[in-house]
Amino acid sequence: MTDGSRLHEIEAKVHARERLTFDDGLFLEEHVDVLTLGRLANRVRERKNGNFAFYNTNVHLNPTNVCLYRCRFCAFRADLRAEKAYTFDDAMIRERVLEAQSRGATEIHVVGGLHHQKKFDWYLNVIRVIHETWSDLHIKAWTPVEIHWFSHMTKRPYEWVLQELKDAGLGSLPGGGAEIFHPEVRDILCEHKADAGNWFKVHAAAHRMGLRSNATMLYGHIEQARHRIDHLIRLREQQDETGGFQTFIPLAFHPDNTNMSDIKKPSGVMDLKMVAIARLMLDNFDHVKAYWIMLGEKIAQTALSFGADDIDGTVVHELIYHDAGAKTPEGLTVAQLHRLIREAGREPVERDTLYRQVIRDDADPTKWNIGEPLLPVTAA
Ligand code: V47
């Protein structure tokens, strides 16, 4: 079969809403140009989310950078006695929450290092302090890497750990720690941390308990196309089973200050291809996010026509990418996000973490009401 007829076959599947196979994904990766991928992915994106482009008002909190792991891609981690090591106390956490409140944030995104001197209670307390300071703020916190570590420390199952966190105020789980699932890559990048099986078990447990979560993939380092497609298919299979993933976020590798600083940053074309291929392969995910902090505003804006329907949020206090050389601003205002989205020909919609519309109070825009969930325009 020629490349042209193979592409026609895949196009026909996309139009007929049929699932793409591993081989289809590999073909798209290796033989299809970025504009064709974008055109196909845009069709799926508009079928699922119409002309909406979602954003949220959020702040980040990385309560410590002290981490016992040495993942090769990470520029954020620090040894306990390193000059850049830090650990927040309760007062610092409260201050961040009050800042979030004054900015009208609806979400706080919390991830950090695995501090070998801190017990599970310290991590639980982070959630408790946030929730006690301002209970309206949605807490999206701790990846499966952390949950797995808490389970290891407490010798309790994931469900117990998640229930304790939920009781303290946890609202959902972010998508980090996924990196690349395939052991050929994962064992080189981060051999000690939770493996793919555990990453999925944590999400499955969370979904069964009614917690929604996100998923990511770190691309543009030592992985190959077949590892990326394998990664997407594993996510799709989990989603078939438990259905709790909300959005997929492809994360471009930033090499500065990491143990892989000899690798070049992925190009804009690769970034757009990853967004488009994810949109095409993950037929059971409602949303694909172009995380502007990592892609830059220009590629994130363009990605809204290549499969993405979300650009994350105002994101104040991001450290993980900025430590690894991201040149993007420390945060964007809502007016800037609106401009990015409108220029791309899309309609900006502020969402909360659970993709319900946020309706701002005209008199005081730091206050809001939650509207109905903005369901995908049609089923996949
Ligand atoms: O797991 C770390 C990645 C992730 C680097 O759920 C790096 O809404 C590139 O998961 N270059 C954490 N990537 C960030 C994350 C995330 C971000 C935004 C939104 C959401 C969400 C989740 O960042 C890590 C790792 O895959 N990462 N270092 C680096 N040098």
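Here is a short chat about one helix, the ligand site and some strands in this structure.

Trainee: What kind of model is this, and at what pLDDT do local features count?

Mentor: Residues are numbered from 1 along each chain as its sequence is written, and side-chain values use heavy atoms, with hydrogens and water left out. This is a predicted model in which totals for chains, interfaces and linings use all residues, side-chain atom pairs count only at pLDDT 80 or more, and local features need pLDDT of at least 70.

Trainee: How far does helix H10 reach from its first C-alpha to its last?

Mentor: Helices here are DSSP runs of H or I with at least four residues, and strands are runs of E with at least two, numbered from the N terminus. H10 covers residues 225-242, so 18 residues, and the expected span is 1.5 Å times one less than the number of residues. That expectation is 26 Å, and the helix comes close to it, reaching 26 Å.

Trainee: Is Ala225 in H10 buried or exposed?

Mentor: Buried means under 20% relative accessible area, exposed over 50%, and partly exposed in between, with a 1.4 Å probe and protein chains only. Ala225 has a relative accessible area of 12%, so Ala225 is buried.

Trainee: Which residues does Ala225 touch, leaving out those up to four places away in sequence?

Mentor: Contact means heavy atoms within 4.5 Å. The C-alpha atoms of Ala225 and Glu29 are separated by 6.4 Å, though the two are 196 residues apart along the chain. With that sequence filter, the residues touched by Ala225 are Leu26, Glu29 and Glu30.

Trainee: How much of the ligand's accessible area does the protein cover?

Mentor: Start with the polar contacts, meaning pairs of N or O atoms within 3.5 Å; within protein, one must be able to donate a hydrogen and the other to accept it, and residues adjacent in sequence count only if both atoms are side-chain atoms. A polar side-chain atom of Lys140 sits 2.7 Å from a ligand oxygen, a backbone N or O atom of Gly176 is 3.2 Å from a ligand oxygen, and for a polar backbone atom of Gly177 the distance to a ligand oxygen is 2.7 Å. Of the 610 Å² that the ligand has on its own (Shrake-Rupley method, 1.4 Å probe; for residues, only the protein chains shown count as cover), the protein covers 96%.

Trainee: Which residue in S5 is the bridge partner of Ile139?

Mentor: Two strands pair if DSSP finds at least two bridges between them. Strand S4 (138-141) and strand S5 (170-173) pair in the parallel sense over 2 bridges. In S5, the partner of Ile139 is Leu170.
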